[in-house]
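Work through these exercises with the model open. Each task is followed by its solution in steps.

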Amino acid sequence: MRRESRGGEGIGSGAGGEGRAVGWSVVEVAVPELARWVRERFGAYRHHVLATVRKDGAPRLTGLEADFRHGELWLGMMNGSRKVADLRRDPRFSLHANPGPGTDLAGGDVRVSGRAVEVADPGQVARYAAAVRPPEPFHLFRAELTEVVRTSTEPPYVVVETWVPGRAPRTIRRTSNDPARQGE
């Protein structure tokens, strides 16, 4: 298990490739408009969907409350939960924001991927607990992000905005009539 570190050079991407992982404050500086959309979307609802990797390599989807605070994206978890065991064994994750009611993509659909770093420093855990007041005991992880994605609509297009640390942001506009994308 990887514990508290900064910078994240050489950390594997949550999308499966090799890449750099960064804290939320870096995302806000690098792609402020995308970061604003992502933060607003996560802030619209309390519960979101976390994907981790089970011991056998299969995906596990579970509910999670995510929190943006002090320039970081925090993932708090119930003591002894399976997602904690998953992240301790393999810290890769994806977190999908609750899309809310209905079928439209008003405000967009957002996801972040990366690695979860368990916070072992008692002072940081206490600071977080004092501000958030989660049920105790709990586990706290800080997200180091390798990918940020927003999907929205601009009729007739579906628009996919993607940012990966160290790369320029990408925007793809496509319709159902476009040829299938290959190789990504």
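**Exercise 1. Find which residue follows helix 4, and give the sign of its phi.**

Step 1. Go to the end of helix 4; helices here are DSSP runs of H or I with at least four residues, strands are runs of E with at least two, and both are numbered from the N terminus.
Step 2. The residue after helix 4 is Arg133. Its phi is positive, near 60 degrees.
Step 3. Now turn to the other end. Helix 4 covers residues 122–132, and Asp121 caps its N-terminal end. A side-chain oxygen of Asp121 lies 3.1 Å from the backbone nitrogen of Gly123.

Before going on, note the ground rules. This is a predicted model, where local features need pLDDT of at least 70, side-chain atom pairs count only at pLDDT 80 or more, and totals for chains, interfaces and linings use all residues. Residues are numbered from 1 along each chain as its sequence is written, and side-chain values use heavy atoms, with hydrogens and water left out.

**Exercise 2. Trace how strand 2 pairs with strand 1 and with strand 3.**

Step 1. Strand 1 and strand 2 run antiparallel, joined by seven bridges. Pairing requires that DSSP finds at least two bridges between two strands.
Step 2. Pick one bridge: Val53 partners Pro59 in strand 2.
Step 3. Inspect the hairpin. Five residues lie between strand 1 and strand 2, and Gly57 has a positive phi near 95 degrees.
Step 4. Move on to strand 3 (residues 72–78). Strand 2 pairs with it over five bridges, again in the antiparallel sense.
Step 5. Ala66 has Leu75 of strand 3 as its bridge partner. In this hairpin, two residues separate the strands, and His70 takes a positive phi near 55 degrees.

**Exercise 3. Which side chain does Thr52 join in a polar contact of 2.6 Å?**

Step 1. Place Thr52: it sits in strand 1, residues 47–53.
Step 2. Check burial. Thr52 has a relative accessible area of 2%, so it is buried (buried is under 20%, exposed over 50%, partly exposed in between, with a 1.4 Å probe and protein chains only).
Step 3. The partner is the side chain of Asp86. A polar contact is a pair of N or O atoms within 3.5 Å; within protein, one must be able to donate a hydrogen and the other to accept it, and residues adjacent in sequence count only if both atoms are side-chain atoms.

**Exercise 4. Is Arg60 buried or exposed?**

Step 1. Arg60 lies in strand 2, residues 59–69.
Step 2. Its relative accessibility is 12%, so Arg60 counts as buried.
Step 3. The Arg60 side chain also has a polar contact with that of Asp86, at 2.6 Å.
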